[in-house]
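Hi everyone, and thanks for coming along. Let me put the sequence and the model up on the screen, and then we can walk through them together.

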Amino acid sequence: MSLKNQLKKFWHFLKQDTWQSWLVSIILIIIFIKLIFFPTLSLLTSTPLPLVVVESCSMYHESNFEEWWAKNQAWYESVKITKSDFESFSFKNGLNKGDIIFVLGKNNYKIGDIIIFEAQTKYPLIHRIITENPVSTKGDHNSQQLSIEQNIKEEAILGKAALKIPLLGWIKLIFFEPFKPEQQRGLCK
């Protein structure tokens, strides 16, 4: 049997509505995503993490921008970030748990950019730059800056947020939420 006929037979098998064809299709999709899609996307974006899911509430804004700013104004102004500065930042309304972030690799980072960086944590952090030299960040929802957000080395930065796909990451998160501490589960409040 020729290769062309074998491929036709395999394609016909995949089009069948059986549990075996579904299982093989799912395996092929996983292989495609893992071995072709993500490596290609990583190459194009110059980052090992071209897509990330926001897994915490550290960038969440619990209210509209005006109310959020009134609550956080003193802290940001203490580091010389004004309301008009913040209004010009990308993602000025923060990020929600479950958002998928499209990441671009090594770039010119500036105050207000949301970067993804390696820290002394299980997973990389996704926080906003508040100082450039040295690079420091803060989660918009956090009341204070964490010590691991200060003096971030250039080689620890994996990229910056370029695009947000709202809440689609919950498709992944629902499988991991039951294993988190109770206070970290569910939607942000």
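Let's start with Asn151, which is partly exposed because its relative accessible area is 47%; here buried means under 20%, exposed means over 50%, and partly exposed is in between, using a 1.4 Å probe and protein chains only. Asn151 sits in the loop between strand 5 and strand 6 (157-165). Helices (H or I, at least four residues) and strands (E, at least two) are DSSP runs, numbered from the N terminus. Asn151 has a positive phi of about 55°, although it is not a glycine.

A quick word on what you're seeing: this is a predicted model, in which local features need pLDDT of at least 70 and side-chain atom pairs count only at pLDDT 80 or more, while totals for chains, interfaces and linings use all residues. Residues are numbered from 1 along each chain as its sequence is written, and side-chain values use heavy atoms, with hydrogens and water left out.

Back to the backbone. Most residues other than glycine have a negative phi, and most peptide bonds are trans. Ser46 also has a positive phi, near 60°, without being a glycine, and its place is the loop between helix 2 and strand 1. Then there is a cis peptide bond between Asn133 and Pro134, with omega about 5°. Pro134 belongs to the loop between strand 4 and strand 5.

Now a neighbour in strand 4, namely Thr131. Is Thr131 buried or partly exposed? With a relative accessible area of 27%, Thr131 is partly exposed. Its C-alpha atom is 9.3 Å from that of Asn151, and 20 residues separate the two along the chain. Leaving aside neighbours within four places in sequence, Thr131 is in contact with Ile111 and Ser136, where contact means heavy atoms within 4.5 Å.

On to the helices. Helix 1 (residues 3-15) has 13 residues and reaches 18 Å from its first C-alpha to its last, close to the 18 Å expected at 1.5 Å a residue; the expected span is 1.5 Å times one less than the number of residues. Of those 13 residues the number buried is one, so helix 1 lies largely in the open.

Helix 2 has 27 residues and reaches 37 Å, close to the expected 39 Å. Where does helix 2 bend? The bend is at Ile33, by about 40°, and by bend I mean the angle between axes fitted to the seven residues ending there and the seven starting there. Ser21, Leu41, Ser42 and Thr45 are buried in helix 2, and the buried residues of this helix pack against helix 1, strand 1 and strand 2.

Helix 3 (residues 65-78) has 14 residues, which should span 20 Å at 1.5 Å a residue, and this agrees with the 19 Å between its end C-alpha atoms. Even so, helix 3 has a kink of about 60°, centred on Asn72. Its buried residues are Phe65, Trp68, Trp69, Asn72, Trp75 and Tyr76, and they pack against helix 4 (83-88), strand 4 and strand 5 (135-138).

In helix 4 we find Lys83, which counts as partly exposed because its relative accessibility is 28%. Beyond its neighbours within four places in sequence, Lys83 is in contact with Phe65, Glu66 and Trp69.

Next, Gly98, in the loop between helix 4 and strand 2 (100-104). With a relative accessible area of 0%, Gly98 is buried. The C-alpha atoms of Gly98 and Glu55 are separated by 6.2 Å, with the two positions 43 residues apart along the chain. Setting aside neighbours within four places in sequence, the contacts of Gly98 include Val53, Val54 and Trp170.

That brings us to the largest pocket, which holds about 1400 Å³ of space. Its lining has 37 residues, and Val53, Val54, Glu55, Tyr123 and Lys172 lie nearest its centre. A pocket here is an open set of points on a 1 Å grid over the protein atoms alone, where a 1.4 Å probe fits, with protein on both sides within 12 Å along at least five of seven lines; lining residues have an atom within 4 Å of a point. Helix 2 (19-45), strand 1 (51-53), strand 4 (125-132) and helix 5 (170-173) each supply at least two residues of that lining.

Conventions
Grid points are joined across faces, edges and corners, and a volume is the space filled by probe spheres set on the points.
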